[in-house]
Amino acid sequence: MKKVLGALLLGATIVSAFIAYSMYTNHSAKQTAAIEQKQAAKKAEKKTEKKKKPVLKIEDLTYQLKDSRTGQVMKEFKPVHYKDKDVYDQEIKQLASELAKGIDTPMQNIKMDANGSLTGGSKQIILKEAELVKNLQNLNTKQLDVKVPIYETAPNVTVASAQGIADVSLASYSTRFRPSDTSRNRNVQLSAEAINNVVLGPGDSFSYNQTVGERTAERGYQPAPEIINKQLVMGIGGGICQTSSTLFNAIDGAGLQVTARSHHSKHVGYVPAGRDATVSWGGPDFKFTNNKDYPVIIKAYANVNTGVLTVDVRTSQHAI
């Protein structure tokens, strides 16, 4: 009897254990399934979010072109052709050029008056087009501000550095003209007066067109022969190229750095072949930079009685 009861008890225990195990297994499976279901739902939700979130493209964005000096917005720019490199490069180079036209300002050089005082002068302002183009080639979707690189350079001359500046001649050059040609001589005289007593500090640049200004009848310039397309024609200001050419030979002799010079379309008689510097308002310009570590002054004299134009580049004795 005891054996029967023991067997029954063992059987009941085994059945209970089996039932408990089955219940535990079913519960665990349900928990695992629930967890897996939640994870699958989260994955599906993330995929849906990714699908819903738009992918930012450079060509769809609008960028703010800002003045590097002030931070002010100069222009809004939408790079719609960003993916087409050739078209885009052409577009941004044109954009940089157009912006530069409204910004670039040549340096107005300081002059020395009859009393030895420094007068005038204003800073050069330059938009670095190549640098702006590079900035526009490297756009990204996180930074929508684009720096427009604008640099300002003031004339590098002080009262102290200009002391005794006319003491020593670095180089001088003279050309001749006919005293009887009064209209042409007047133009030579006016242009010589415009460049006379210009002071250039170390690194300062010079533009003949900017310094002399537009040649107009209102400013006293006369009709005189000038060379255009290998032909002698009458034009207001004819003869001023003799002044620019004489200036070129003087500053070249002084060792200053020429940065822009063009030849006439035919030989001129007042300087040797290849030693001229033609200029035209809105056209060719003659430019140079004072590459010395001391200031220089330009002296120009047009003697209409003797027919001699002289340009002298001078500096102080202690500077050299």
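Helix H2, residues 85-101, lies across strands S1 and S2 in this predicted model, and its direction makes an angle of about 160° with that of S2. A second helix, H3, spanning residues 129-137, also packs on the sheet, where H3 touches S1, S2 and S6 and runs at about 165° to S6. The sheet that receives these helices is open and consists of three strands in the order S2-S1-S6, with mixed pairing. Strand S2 (73-77) and strand S6 (145-148) form its edges, each of them pairing on one side only, and neighbouring strands of the sheet are turned against each other by 25° on average, if direction is ignored. Between S1, which covers residues 63-67, and S6 the pairing is parallel and extends over four bridges; within this part of the structure, Asp67 stands opposite Val148 of S6.

An aromatic pair connects this sheet with one of its helices. Phe77 in strand S2 and Tyr88 in helix H2 are eleven residues apart in the chain, and their rings form a tilted pair, with 6.3 Å from centre to centre and 35° between the planes. The angle of 35° is classed as tilted because stacked planes are under 30 degrees apart and edge-to-face planes over 60. Both partners are withdrawn from the surface: Phe77 has a relative accessible area of 6% and Tyr88 one of 2%, so each counts as buried under the 20% limit.

Where do the nonpolar side chains gather? The largest nonpolar core has 36 residues, and those with the most contacts inside this core are Ile195, Phe206, Tyr208, Leu247, Phe286, Phe288 and Ile298. Two or more residues each come from helix H4 (182-195), strand S9 (198-200), helix H5 (208-212), helix H6 (240-253), strand S15 (296-303) and strand S16 (308-315), and H6 gives the most, with six residues. Tyr208 illustrates how such a residue is surrounded: leaving aside residues up to four places away in sequence, Tyr208 touches Ser191, Ile195, Gly213, Ile240, Thr243, Ser244, Leu247, Val279, Asp285 and Phe286. A second core, separate from this one, has 21 residues and includes Leu65, Leu95, Ala96 and Val148.

Aromatic rings appear here as well. Phe206, Phe248, Phe286 and Phe288 form one aromatic cluster, and a search of the whole structure finds five aromatic pairs. In one of the pairs, Phe248 and Phe286 meet edge-to-face, with centres 6.0 Å apart and 90° between the planes. This pair links distant parts of the chain, since Phe248 belongs to helix H6, whereas Phe286, 38 residues away, lies in the loop between strand S13 (257-260) and strand S14 (287-289). Phe248 is buried at 3% relative accessibility, and Phe286 is likewise buried, with a relative accessible area of 0%.

The chain as a whole gives the setting for these details. It contains six helices and 16 strands, and 37% of its 320 residues are buried. Of the contacts in the chain with a separation of 6 or more, 67% are made by residues 24 or more positions apart. The chain exposes about 18,800 Å², of which carbon and sulfur atoms supply 53%.

Technical notes
Residues are numbered from 1 along each chain as its sequence is written. This is a predicted model: local features need pLDDT of at least 70, side-chain atom pairs count only at pLDDT 80 or more; totals for chains, interfaces and linings use all residues. Side-chain values use heavy atoms; hydrogens and water are left out. Buried means under 20% relative accessible area, exposed over 50%, partly exposed in between (1.4 Å probe, protein chains only). Contact means heavy atoms within 4.5 Å. Accessible areas come from the Shrake-Rupley method with a 1.4 Å probe; for residues, only the protein chains shown count as cover. Two strands pair if DSSP finds at least two bridges between them. Axes are lines fitted to C-alpha atoms, for helices over the stretch in contact, and angles run from 0 to 180 degrees between N-to-C directions. A nonpolar core is a set of buried Ala, Val, Leu, Ile, Met, Phe, Trp, Tyr and Cys residues joined through side-chain atoms within 4.5 Å. Rings of Phe, Tyr and Trp (its six-membered ring) pair if their centres lie within 6.5 Å; planes under 30 degrees apart count as stacked, over 60 as edge-to-face and the rest as tilted.
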